Amino acid sequence: METLPKSRDFQPAAASNLSEKELIQGLREKADWAFRELISRWSDKLYRLSLRFVKRPEEAQEIVQEVLLKVVEKIDTFEGSSSLYTWLYRVTVNESLMRLRPDKGKKTVSWEEVLPKYESGIHLENFSDWSKLPDEKFVEKEFQQFVQESIELLPDDLKTAYLLKDVEQLPEEEVCKILELTKPAMKNRVHRARLFLRKRIEERYVH
């Protein structure tokens with residue numbers, strides 16, 4: 001079992017006002033208040049992100065604990081080329097995807113199903129008019145469940161980009177740093193994920 005940083009003076013009110021640089025310095029000094037502040041600032045966000053991947057609350061909690069401990073252990077290797085926030089998200093995404101990889105029975109779609117079909121630069125598929133989709137559909141539980149199930153069918157790289165950009169609504173620059181992608185590559189993945197989801201929704205609800 002991993003051990004937490006040694007106990008030092010805990011100053012919750014002051015810690016909440018610390019800059020990221022000061023927090024990192026506290027983590028490097030193994031200060032208890034710094035670890036508590038790390039948990040306070042990020043555990044809920046990381047839990048929510050991990051849960052979107054693994055779907056099991058207990059496993060998402062385990063992942064968050066592992067991520068926070070790993071970050072504390074490796075804080076001396078953190079060079080500051082990205083923000084602590086970006087690093088935490090990147091480690092959480094990687095840990096979550098690693099938990100999913102042993103799931104050989106997981107159903108995903110092939111790239112051929114996901115990729116939009118183009119010929120000579122022309123998009124070959126015609127999308128239906130979404131105005132035909134009743135507004136109330138977007139708030140129905142069954143519709144939301146269908147969208148969630150459709151997201152689960154996406155390949156991991158498309159799903160990750162889509163969740164970070166459209167669901168977590170992170171800035172594009174942060175998504176690129178977390179996934180270590182160029183902006184065009186990141187936007188391409190998000191675009192393809194959106195096209196796939198749109199196609200699924202149209203096939204089910206738009207006539």
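**From the loop after helix 8 to the nonpolar core**

Gln169 lies in the loop that links helix 8 (156-167) to helix 9 (172-179). In this predicted model, Gln169 has a positive phi of about 55 degrees, although the residue is not a glycine. This backbone conformation occurs just after helix 8. With a relative accessible area of 63%, Gln169 counts as exposed, because that value is over 50%.

A second non-glycine residue with a positive phi is Lys55, for which the angle is near 70 degrees. Lys55 also belongs to a loop, the one between helix 3 (32-54) and helix 4 (57-73). Its relative accessibility of 35% places Lys55 in the partly exposed class.

These two loops belong to a chain whose secondary structure consists of ten helices and two strands. Read from the N terminus, the order of elements is α-α-α-α-α-α-β-β-α-α-α-α. The chain has 207 residues, of which 42% count as buried. Its accessible surface comes to about 12200 Å², and carbon and sulfur atoms account for 49% of that area. When contacts between residues at least 6 apart in sequence are considered, 69% of them join residues at least 24 apart.

Helix 8 itself can now be examined. Its buried residues are Leu158, Lys159, Thr160, Ala161, Tyr162, Leu163, Leu164 and Lys165. Two lysines, Lys159 and Lys165, are thus among the buried residues of this helix. Beyond its neighbours within four places in sequence, Lys165 is in contact with Leu170, Glu172, Val175, Val190 and Arg194. The C-alpha atom of Lys165 is also 9.1 Å from that of Met186, a residue 21 positions away in sequence.

Another member of helix 8, Thr160, leads to helix 5 (residues 84-100) through Leu97. Leu97 is found in helix 5 and, at 9% relative accessibility, is buried. Its contacts outside the four nearest places in sequence are Phe53, Asp156 and Thr160. Leu97 and Ser50 are 47 residues apart along the chain, and their C-alpha atoms are separated by 9.0 Å.

Phe53 and Ser50 both take part in the packing of helix 3 against helix 5. The axes of these two helices are 10 Å apart and form an angle of about 35 degrees, in a right-handed crossing. On the helix 3 side, the contact involves Leu38, Trp42, Lys45, Leu46, Leu49, Ser50, Phe53 and Val54. Helix 5 contributes Leu84, Tyr85, Leu88, Tyr89, Thr92, Val93, Ser96, Leu97, Arg99 and Leu100. By residue class, this contact comprises 13 nonpolar, three polar and two charged residues.

Which residues touch the most other members of the largest nonpolar core? They are Leu38, Leu84, Leu88, Tyr89 and Leu164, within a core of 56 residues. At least two residues of this core come from each of helix 2 (20-28), helix 3, helix 4, helix 5, helix 7 (141-153), helix 8, helix 9 and helix 10 (183-205). Leu38, Leu84, Leu88 and Tyr89 also appear in the contact of helix 3 with helix 5, while Leu164 is one of the buried residues of helix 8. Leu38 touches Leu23, Leu27, Ser43, Leu68, Val72, Leu84 and Leu88, residues up to four places away in sequence being left out.

Notes: Residues are numbered from 1 along each chain as its sequence is written. This is a predicted model: local features need pLDDT of at least 70, side-chain atom pairs count only at pLDDT 80 or more; totals for chains, interfaces and linings use all residues. Side-chain values use heavy atoms; hydrogens and water are left out. Helices (H or I, at least four residues) and strands (E, at least two) are DSSP runs, numbered from the N terminus. Buried means under 20% relative accessible area, exposed over 50%, partly exposed in between (1.4 Å probe, protein chains only). Contact means heavy atoms within 4.5 Å. Accessible areas come from the Shrake-Rupley method with a 1.4 Å probe; for residues, only the protein chains shown count as cover. Axes are lines fitted to C-alpha atoms, for helices over the stretch in contact, and angles run from 0 to 180 degrees between N-to-C directions. A crossing is left-handed if the near helix is turned anticlockwise from the far one by less than a right angle, and right-handed if clockwise. Ala, Val, Leu, Ile, Met, Phe, Trp, Tyr, Cys and Pro count as nonpolar, Asp, Glu, Lys and Arg as charged, and the others, Gly among them, as polar. A nonpolar core is a set of buried Ala, Val, Leu, Ile, Met, Phe, Trp, Tyr and Cys residues joined through side-chain atoms within 4.5 Å.
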